[in-house]
Amino acid sequence: MISLENLKEECKQEARNILDFWYAYQDKEFGGFYSYSDFNGNIEKEHGKGVLLHARILWAFSYAYKILKEPKYKEAATHCYKFIRDYAVDKEFGGVYWFLDYKGQPTDPQKHVYNQSFVIYGLSEYFLATGEKEALDLALNLFSLIEKNAFDEVYGGYREAYDRQWSPIENKLVCDTAEGVLSEKSMNTHLHILEAFTKLYEASHDETVQKQMSALAKLMLDKIVNKEKHFGLFYTREWDCCSHDVSFGHDIEGSWLLDEAADQITDKKLSDEIRKVTLEMAKVTARYGVDKDGATFNEFRDAHLLDTDRIWWVQAESMIGYFNAYQKTNDEKFLALSEVCFNIIKTQLKDNINGEWFWKVDRYGNPYKDCPKVEPWKCPYHNGRACLEMFKRIDSLQSAK
């Protein structure tokens, strides 16, 4: 086993490697960041720009600046912030667009709550890193819009998909059930709404945010975490689950994001309940979701694996999710699983030739060459965050001794 000190330093260096790769993707002509490159890292400069991608880039550089204090990360975060503020925000109807062309003009103006949430997440972290009040005000405005337009007062949680004018539309963006059912609500959107509200409360200490964050956390325990301690994935408006798949990556990611919410929730009974459930989720993933070499499987259905590929974000979230469980229990098994995930990342997913990480590799570490290096969903959010979190958490453990 690697020492915690070496693991901390290696994660810090890998975070820098990831961020330096993305720093070079700044579009100095039209603003924002280039949003597509092929497997070999060849940039397509006229590819459209996803607002989701930019929200995640904003978060990553803001958090990196807060943790590592390197000025170029603040510079990159500010470059991204200005692009979101100036081009992604709908000045007429409020909220942020889904997709822009390479010059920053909207090509898909729909208002999906998943996307609004990530912009809240990025703006809140930018405020925490820089003190920019304008960013916090914009985040609180987006929160109010979500509550006004998307909160489901009848069944709880949030309806997800809206057109530019905030009229409901079919939820196609994040609904990919194998059964072909078009769901109104999803685990994924609700997990990231909670993530966004957690960060927004940390930034604002707004009591309305606290109330809605707590209610959403309780709803996730009551409706989305099932009796086997997996997340259900897709739901009707009334919270009937319409998918039988298990996503081990989301389970282990959610186990630590729910704990982050528990740290901000003022209801101690609810916080304690969250931490108990999330530990069980981590245990279940460790028992059923780990390959023989320690990599975390992707998805599972009816007692059968859907694939054995190693996906960049699944391994990143597993590394930090298992380490979070180790911090809660001091169980060396979780620490070992976290270290193994980092080894899988270093030896299989990291692209030592063209930089960053491969989108995915097969069970033997062979990369899928038809997968791009950068695209609107492939960003420094999962892997950059995991490495920065590992550095911060190990440093905190060492400082407490």
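This report walks through two helices, a pocket and a handful of loop residues in the structure above. Keep in mind that the model is predicted.

**Two helices**

Let's start with helix H5, which covers residues 133-149. H5 has 17 residues, and from its first C-alpha to its last it reaches 24 Å, close to the 24 Å expected at 1.5 Å a residue. Just at the start of H5, a side-chain oxygen of glutamate 132 comes to within 3.2 Å of the backbone nitrogen of glutamate 134.

Which residues of H5 are buried? They are Ala135, Leu136, Leu138, Ala139, Leu142, Phe143, Leu145, Ile146 and Glu147. If you wonder about the spacing in a list like that, here's a handy rule: an α-helix has 3.6 residues a turn, so residues three or four places apart point the same way. The buried residues of H5 pack against four helices, listed here by name: H3 (71-88), H4 (113-130), H6 (187-204) and H7 (207-224).

That brings us to H7. H7 has 18 residues, so at 1.5 Å a residue it should span 26 Å, and its end C-alpha atoms are 25 Å apart, which agrees. The N-terminal end of H7 is capped by aspartate 206, with a side-chain oxygen 2.8 Å from the backbone nitrogen of threonine 208.

H7 has its own set of buried residues: Val209, Gln210, Gln212, Met213, Ser214, Leu216, Ala217, Leu219, Met220, Leu221 and Ile224. What covers them? The cover includes H5, H6, strand S7 (234-235), H8 and helix H9 (268-288).

**A pocket**

Now for some empty space. The second largest pocket has a volume of about 240 Å³. Its lining has 16 residues, and the closest to the pocket's centre are Lys199, Glu202, Glu260, Glu389 and Lys392. The elements that give two or more residues to this lining are helix H2 (51-68), H6, helix H8 (248-264) and helix H12 (381-400). Which element gives the most? That's H8, with 5 residues. As for the kinds of residue, the lining of the second largest pocket divides into 5 nonpolar, 2 polar and 9 charged.

**Charged residues tucked away in loops**

Next, have a look at three charged residues that sit in loops. Are glutamate 70, glutamate 160 and lysine 373 buried or exposed? Buried counts as under 20% relative accessible area, and the table shows how each one does.

| Residue | Loop | Relative accessible area |
|---|---|---|
| Glutamate 70 | between H2 and H3 | 18%, buried |
| Glutamate 160 | between H5 and strand S5 (161-162) | 1%, buried |
| Lysine 373 | between strand S12 (360-361) and H12 | 2%, buried |

Glutamate 70 is in contact with Arg16 and Tyr65, leaving aside its neighbours within four places in sequence. With arginine 16, the link is a polar contact of 2.7 Å between the two side chains.

Glutamate 160 has a longish list of contacts. Leaving aside its neighbours within four places in sequence, glutamate 160 is in contact with Lys111, His112, Val113, Asn171, Val174, Glu184, Lys185, Ser186, Thr189 and His190. On that list, asparagine 171 makes a polar contact of 3.0 Å, side chain to side chain, with glutamate 160. A polar contact of 2.9 Å also joins the side chains of glutamate 160 and threonine 189. For a sense of distance, the C-alpha atoms of glutamate 160 and arginine 16 are separated by 35 Å, and the two residues are 144 residues apart along the chain.

Lysine 373 touches Phe21, Ser37, Asp38, Phe39, Asp351, Asn354, Gly355, Glu356, Trp357 and Lys378, not counting residues up to four places away in sequence. Tyrosine 162 is 211 residues away from lysine 373 along the chain, and their C-alpha atoms are separated by 30 Å.

**Two loop residues with a positive phi**

To finish, check the backbone at two more loop residues. Lysine 69 lies in the loop between H2 and H3. Lysine 69 has a positive phi of about 60 degrees, although it is not a glycine. How much of it is accessible? Its relative accessibility is 55%, so lysine 69 counts as exposed.

Asparagine 330, in the loop between helix H10 (312-329) and helix H11 (332-349), also has a positive phi of about 60 degrees without being a glycine. At 59% relative accessibility, asparagine 330 counts as exposed.

Technical notes: Residues numbered from 1 in each chain as written. Predicted model: local features only at pLDDT ≥ 70, side-chain atom pairs only at ≥ 80, totals over all residues. Heavy atoms only, no water. Expected span 1.5 Å × (residues − 1). Buried < 20%, exposed > 50% of the residue type's maximum accessible area, 1.4 Å probe, protein only. Contact = heavy atoms within 4.5 Å. Polar contact = N/O pair within 3.5 Å; in protein donor to acceptor, adjacent residues only side chain to side chain. 1 Å grid on protein atoms, 1.4 Å probe; cavity = no way out; pocket = protein on both sides within 12 Å on 5 of 7 lines; lining within 4 Å. Points joined across faces, edges and corners; volume = space filled by probe spheres on them. Nonpolar A, V, L, I, M, F, W, Y, C, P; charged D, E, K, R; others polar.
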